[in-house]
Structure formats: structure tokens, C-alpha cells
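Let's take a friendly walk through a small part of a protein model. Have the picture open beside you as you read.

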Amino acid sequence: LKALDDISSARDAKPAHVALAWLARQPGVASAIASVTSLDQAADLVKAARLDLTAEELAKLEKASAPA
């Protein structure tokens, strides 16, 4: 989780935004499904779709998520 926290802090984003942005860019993932119960949550979730992770950030998350 350190890589996720580091990127989130550097980007002033929530870890959930970074995680969803990373997930949406994975091969074989057509879409990331998340649910909301309010318009505020929906508006907040849009931030993940707008988060464009760098190649370096994607590589850090790939390394962190690799099986041990």
C-alpha cells in the first residue's frame, strides 16, 4: 500500500482514485465498477476517471501489485 499512498499524496488524490485509475488502465479490464449512494460520491468518483497516471506511477503500482 505504500506505493498507492505515496502516489496519492504526491497527486493530492484519494487512494481510491489512484487505485481506480490504475485498474482502468489494466489490459483486459473493460471498466472498473464502483457504486455510489449520493451525487457527492458520484462527483468524487469522476476524479478517478480524470486522473492520468504517469508511466512511472503505473510502473510503481505494477511492481507493488506483483505476486510475491
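On one side of helix α1, the residues Lys2, Ser9 and Ala10 are exposed. Elsewhere in α1, Ala3, Leu4, Ile7 and Ser8 are buried. Looking down the axis of α1, you would find these buried residues within an arc of 130°, so they line one face of the helix. And what covers them? The cover over the buried residues of α1 includes α2 and α4. Keep in mind that this is a predicted model.

Let's look at α2 next. How are two packed helices described? By the angle between their axes and the distance between the axes. Helix α1 covers residues 2–11 and helix α2 covers residues 15–24. They pack at an angle of about 110°, and their axes are 8 Å apart. Because of that angle, α1 counts as roughly perpendicular to α2.

Which residues meet where α1 packs on α2? From α1 come Leu4, Asp5, Ile7 and Ser8, and from α2 come Pro15, Val18 and Ala19. Sorted by class, this contact has five nonpolar residues, one polar and one charged. Ala16 is also found in α2. Its C-alpha atom is separated by 8.9 Å from that of Leu4, although the two residues are twelve places apart along the chain.

Between the two helices there is a loop, and Asp12 is found in it. What is unusual to look for here? Most residues other than glycine have a negative phi. Asp12, just after α1, takes a positive phi of about 55°, and it is not a glycine. Is Asp12 buried or exposed? Its relative accessibility is 75%, so Asp12 counts as exposed.

Now turn to the segment before α1, where Leu1 lies. Leu1 and Leu61 are 60 residues apart in sequence, yet 9.1 Å apart in space, C-alpha to C-alpha.

Here is how several residues compare in accessibility. The cut-offs are simple: buried means under 20% relative accessible area, exposed means over 50%, and partly exposed lies in between.

| Residue | Relative accessible area | Class |
|---|---|---|
| Leu1 | 80% | exposed |
| Asp12 | 75% | exposed |
| Ala16 | 45% | partly exposed |
| Gln26 | 14% | buried |
| Glu57 | 11% | buried |

Two buried residues in the table deserve a visit. Glu57 lies in helix α4, which spans residues 55–65. With a relative accessibility of 11%, which is under 20%, Glu57 counts as buried. What does the side chain of Glu57 reach? It reaches the backbone nitrogen of Thr54, at 2.8 Å. Leaving out residues up to four places away in sequence, Glu57 touches Ile7, Arg11 and Asp52. Ile7 is a name you have already met, as one of the buried residues in α1.

The other is Gln26, whose place is in the loop between α2 and α3, and α3 covers residues 39–50. With a relative accessible area of 14%, Gln26 is buried. Which side chain does the side chain of Gln26 contact? The partner is the side chain of Glu62, and this polar contact has a distance of 3.1 Å.

Note on methods:
Residues numbered from 1 in each chain as written. Predicted model: local features only at pLDDT ≥ 70, side-chain atom pairs only at ≥ 80, totals over all residues. Heavy atoms only, no water. Helix = DSSP H or I, 4+ residues; strand = E, 2+ residues; numbered from the N terminus. Buried < 20%, exposed > 50% of the residue type's maximum accessible area, 1.4 Å probe, protein only. Polar contact = N/O pair within 3.5 Å; in protein donor to acceptor, adjacent residues only side chain to side chain. Contact = heavy atoms within 4.5 Å. Axes fitted to C-alpha atoms, helices over the stretch in contact; angles between N-to-C directions. Parallel < 35°, antiparallel > 145°, perpendicular 65-115°, else oblique. Nonpolar A, V, L, I, M, F, W, Y, C, P; charged D, E, K, R; others polar. Arc of directions from axis to C-beta.
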